[in-house]
Amino acid sequence: MPVIAVVGALWGDEGKGHLVDYLSRDAEIVVRVQGGDNAGHTVVNEHGTFRMHLVPSGIFNPRTTCLIGAGTVVNPDTLLQELGELEAAGVDTGRLLISDRAHLVFPHHRRRDELEERGRGDRPLGTTRRGIGPAYSDKAARIGVRMGDLLHRDWLHRRLQQAHAALAARLRALGEEPPPLEELIERCETWRERLKDRIVDTIPLLQAAIRRDARVVLEGQLGAMRDLDWGIYPYVTSSNTLVGYAAVGAGIPPQAIREVIGVVKAFATAVGEGPLVTEVHGELAERLRRGGPPEGWEFGATTGRPRRCGWPDGVALRHAAWLNGFTALAVTKLDVLDGLEEIRLCVGYRLPSGEVLTHVPDTPYLEQATPVYERLPGWAGPTADARRWEDLPEAARRYLQRLAQLAEAPVRYVSVGPGRDQIIEVGP
Ligand code: IMP
């Protein structure tokens, strides 16, 4: 069985967790490849409704090993809290392992995130304030502390000393006194005690599974429009959300990835700042935000912020499809469009000069772009009870086929609600 990568095609929150939970029914390993606890993957299954932040959405399958990959940044406090919540709900978390190369997120990273956001005044980036940017900056500056460092006392102390010197300068520049070095050391001792059995070198595990042809699922975070290089910079996250990075973040050769599933919500949503060309306001926005069952309503799973909503953006989808080479699409939350008379699908961005682009340009252009819409007939619905492609209204199928055409990839999955049984598998 091939390695399957599941990546977001838009601004994140497309429903990747829902699909990974479904796909991991027969996966041997699921790997979270990048990001940190800024993620909020909602999973609804027989155990309950969960907002997954760091733990891969495969944890609900008792036979699946879940890895937090080298490309991630891990806040051990929030990870331990998440594990506690899962265990309280009766989920066995014994198969959750963390790469020794994953970087640690300390409380001072969060504090820096907050102070830096505040310093941006009325032009914030809208980060989740989880310390993700500062932790990845330290990683790139080579002063980061990694999970594996926790297992080597002398080495850890040396790393912490170096990190502390840099941290002190940064925090003081932001008007804040750094925590004493001893506090960092003590915190790491506590984390070591609680996590040491879960910290592993993930390479042998993945190598063995891939050589055996076992199913491995790579779980991405966020979507192409928030990618560090190809998203709406600077309103992006600090890691790469594209499949190219999934190989790095998991520690596997790129050609081992045979399937790339682009998860695309049936309409556009974004939480945080930056251009969203198809954004709508008022009644329609409210309708999209609160469509379908409440557990799927459009409020940030990590921050609770209301998500901005808009008409579907085919230009963003094409951008993501090119950059990721989707082999298939998973279209989520189709049911939310039930009852709309028409669907406006953005197929071009018009610039003030009159030029119409069919690709995503650099952010200064994007900020001035207005949408060019193609109008497609809506459908009455409801679609929530559909279980096969044939059960969907014809107009809904036409809309899905148009998305497939734009992405140059077939629609393989359609979700019509948050339940595991509400994922329709589309045949060839
Ligand atoms: P950061 O990743 O917290 O630095 O935030 C950078 C941008 O990504 C902001 O616009 C956030 O709102 C957005 N973002 C981060 N994590 C998520 C997520 O899980 N879903 C949606 N947006 C996110």
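This is a short dialogue on a predicted model, its ligand site, a helix pair and two backbone features.

Student: What are the ground rules for the numbers?

Tutor: Local features need pLDDT of at least 70 and side-chain atom pairs count only at pLDDT 80 or more, while totals for chains, interfaces and linings use all residues. Residues are numbered from 1 along each chain as its sequence is written, and side-chain values use heavy atoms, with hydrogens and water left out.

Student: What makes a residue count as near the ligand, and which come nearest?

Tutor: One of its heavy atoms must lie within 4 Å of the ligand. There are 17 residues around the ligand, and Asp13, Asn38, Thr128, Thr237 and Val271 come nearest.

Student: Why is the pairing of Asn38 with the ligand called a polar contact?

Tutor: A polar contact is a pair of N or O atoms within 3.5 Å. An N or O atom in the Asn38 side chain is 2.9 Å from a ligand oxygen, so the pair qualifies. The side chain of Arg226 has such an atom 3.3 Å from a ligand oxygen. Val271 uses a backbone N or O atom, at 2.8 Å.

Student: How much of the ligand does the protein cover?

Tutor: The protein covers 97% of the 470 Å² of accessible area that the ligand has on its own (Shrake-Rupley method, 1.4 Å probe).

Student: What describes the packing of H2 and H6?

Tutor: Two packed helices are described by the angle and the distance between their axes. The axes of H2 (residues 76-88) and H6 (residues 181-195) come within 11 Å and cross at roughly 30°. Axes are lines fitted to C-alpha atoms over the stretch in contact, with angles from 0 to 180 degrees between N-to-C directions. Helices are DSSP runs (H or I, at least four residues).

Student: Which residues make that contact?

Tutor: Pro76, Asp77, Leu79 and Leu80 of H2 meet Arg187, Trp191, Arg194 and Leu195 of H6 (heavy atoms within 4.5 Å).

Student: What is notable about the backbone at Asp13 and Pro234?

Tutor: Asp13 is not glycine, yet its phi is positive, near 60°. The Tyr233 to Pro234 peptide bond is cis, with omega near 5°.

Methods: Helix = DSSP H or I, 4+ residues; strand = E, 2+ residues; numbered from the N terminus. Polar contact = N/O pair within 3.5 Å; in protein donor to acceptor, adjacent residues only side chain to side chain.
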